[in-house]
Amino acid sequence: MPKYDDPTARIIAPSVLAADWSRLNEEISRAITAGSDWMHLDVMDGHFVDNISFGPAFVQTIHETNDVFLDVHLMISRPDHFLDRFIGAGSDNITVHVEAEHDVADTLKRIRAAGCKAGLALNPATPFADVEPYLDQIDLLLVMTVVPGFGGQSFMEETMPKVAAAKAAREKHGYHYHIEVDGGIGAETAKTATANGANVLVAGTSAFKAPDMAAAVSALRSA
Ligand code: DX5
Ligand code: ZN
């Protein structure tokens, strides 16, 4: 697994949302065997997004049965209220949304204080300016390339200027965060995203629904 603290290392993070949950453990083993670096866990509360997925107990189960970096994406309105439970469940990276109802800086500080990596996410409609005040407090910036809530949606090219802006800001200020993209990422769209500066690629459908997952993962790694 590439060292987390190299924000230019290519990292492939399949989204468990797209896995066959009736065979969850086998699916995660399959993803690791296929060469994946992280597992991306999409937590949805039915309020911040119009879907409900899973909570801390699901994360804990995965943590207890697999040795893999857990990249937890909290698409929930109150990440501050649930934070301790996701930390306790074994999350390695916890990404919260800038649009959610919380004190962003305080939540990010608590994530790091617990020894987890801190991520901040912005939706397609959210301007890059909204995350700029926090860029010096994060280990990862997640630029959503779909409207969050469901897997299998189409990549939104219009989000790419924000990936480029994130890369420019990191270089200008000497920041050290990963740039992650999430939603509609496959071999083709990964080329666009990485050309703009993304290094962490979340792939749900393109990874778990691929006829050959290892080929899909290596295509993302070389995109
Ligand atoms: C959407 C999630 C994404 C999604 C990715 O709300 O944040 O991680 O599961 O799925 P694909 O890769 O199928 O778009
Ligand atoms: Zn996600």
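1. Start with α8, which lies across β1 and β8 (200-203). The helix runs at about 140° to β1. Keep in mind throughout that this is a predicted model.

2. The β1/β8 pair under that helix is worth a look. These two strands run parallel and are joined by four bridges. For a register check, find Ile 12, which stands opposite Leu 201 in β8. Both ways out of β1 lead to buried side chains: Ile 11 and Ala 13 point one way, Ile 12 and Pro 14 the other, and all are buried.

3. Now zoom out to the sheet. It is open, has eight strands with parallel pairing, and reads β1-β8-β7-β6-β5-β4-β3-β2 in order. Since β1 and β2 stand at the edges with a single partner strand each, one side of each has no neighbour in the sheet. From one strand to the next the twist averages 25°.

4. Further along the sheet, β3 (residues 69-75) pairs with β4 (residues 93-97) in the parallel sense, over four bridges. Asp 71 is the residue to find here, as it stands opposite Asn 93 in β4. Another helix, α5, packs on the sheet and touches β5 (117-122), β6 (140-144) and β7 (178-182). The direction of α5 makes about 170° with that of β7.

5. The helix α5 (residues 160-173) also has a helical partner in α6 (residues 187-196): their axes come within 8 Å and cross at roughly 35°. On the α5 side the contact uses Met 160, Val 163, Ala 164 and Lys 167, and on the α6 side Thr 192, Ala 193 and Asn 196. By type, the residues of this contact divide into four nonpolar, two polar and one charged.

6. Over to α1, where Leu 24, Glu 27, Ile 28 and Ala 31 are buried. They sit on the same side of α1 because they cover an arc of only 95° around the axis. The spacing fits the usual helix arithmetic: an α-helix has 3.6 residues a turn, so residues three or four places apart point the same way. And what covers these buried residues of α1? The cover includes β1, β2 (38-44), α2, α7 (205-208) and α8 (213-222). Just after α1, have a look at Gly 35, which takes a positive phi of about 105°.

7. Next, the aromatics. The count comes to five aromatic pairs. One of them, Trp 21 with Phe 58, is tilted, at 5.2 Å centre to centre and 45° between the planes. This pair links distant parts of the chain, 37 residues apart: Trp 21 belongs to the loop between β1 (11-14) and α1 (24-33), while Phe 58 belongs to helix α2 (residues 56-65). Ring pairs also bring in Phe 54, giving a cluster of Trp 21, Phe 54 and Phe 58.

8. Are the two rings of that tilted pair buried or exposed? Trp 21 has a relative accessible area of 37%, so it counts as partly exposed. Phe 58 comes out at 18%, so it falls under the 20% cut-off and counts as buried.

9. Last, a neighbour of Trp 21 in the loop between β1 and α1: Asp 20. Its relative accessible area is 29%, which means partly exposed. Asp 20 and Lys 209 are 189 residues apart in sequence, yet 9.3 Å apart in space, C-alpha to C-alpha.

Terms used
Residues are numbered from 1 along each chain as its sequence is written. Chains are lettered from A and ligands numbered from 1 in the order in which they are written. This is a predicted model: local features need pLDDT of at least 70, side-chain atom pairs count only at pLDDT 80 or more; totals for chains, interfaces and linings use all residues. Side-chain values use heavy atoms; hydrogens and water are left out. Axes are lines fitted to C-alpha atoms, for helices over the stretch in contact, and angles run from 0 to 180 degrees between N-to-C directions. Contact means heavy atoms within 4.5 Å. Ala, Val, Leu, Ile, Met, Phe, Trp, Tyr, Cys and Pro count as nonpolar, Asp, Glu, Lys and Arg as charged, and the others, Gly among them, as polar. Rings of Phe, Tyr and Trp (its six-membered ring) pair if their centres lie within 6.5 Å; planes under 30 degrees apart count as stacked, over 60 as edge-to-face and the rest as tilted. Buried means under 20% relative accessible area, exposed over 50%, partly exposed in between (1.4 Å probe, protein chains only). The arc is that of the directions from the helix axis to the C-beta atoms. Two strands pair if DSSP finds at least two bridges between them.
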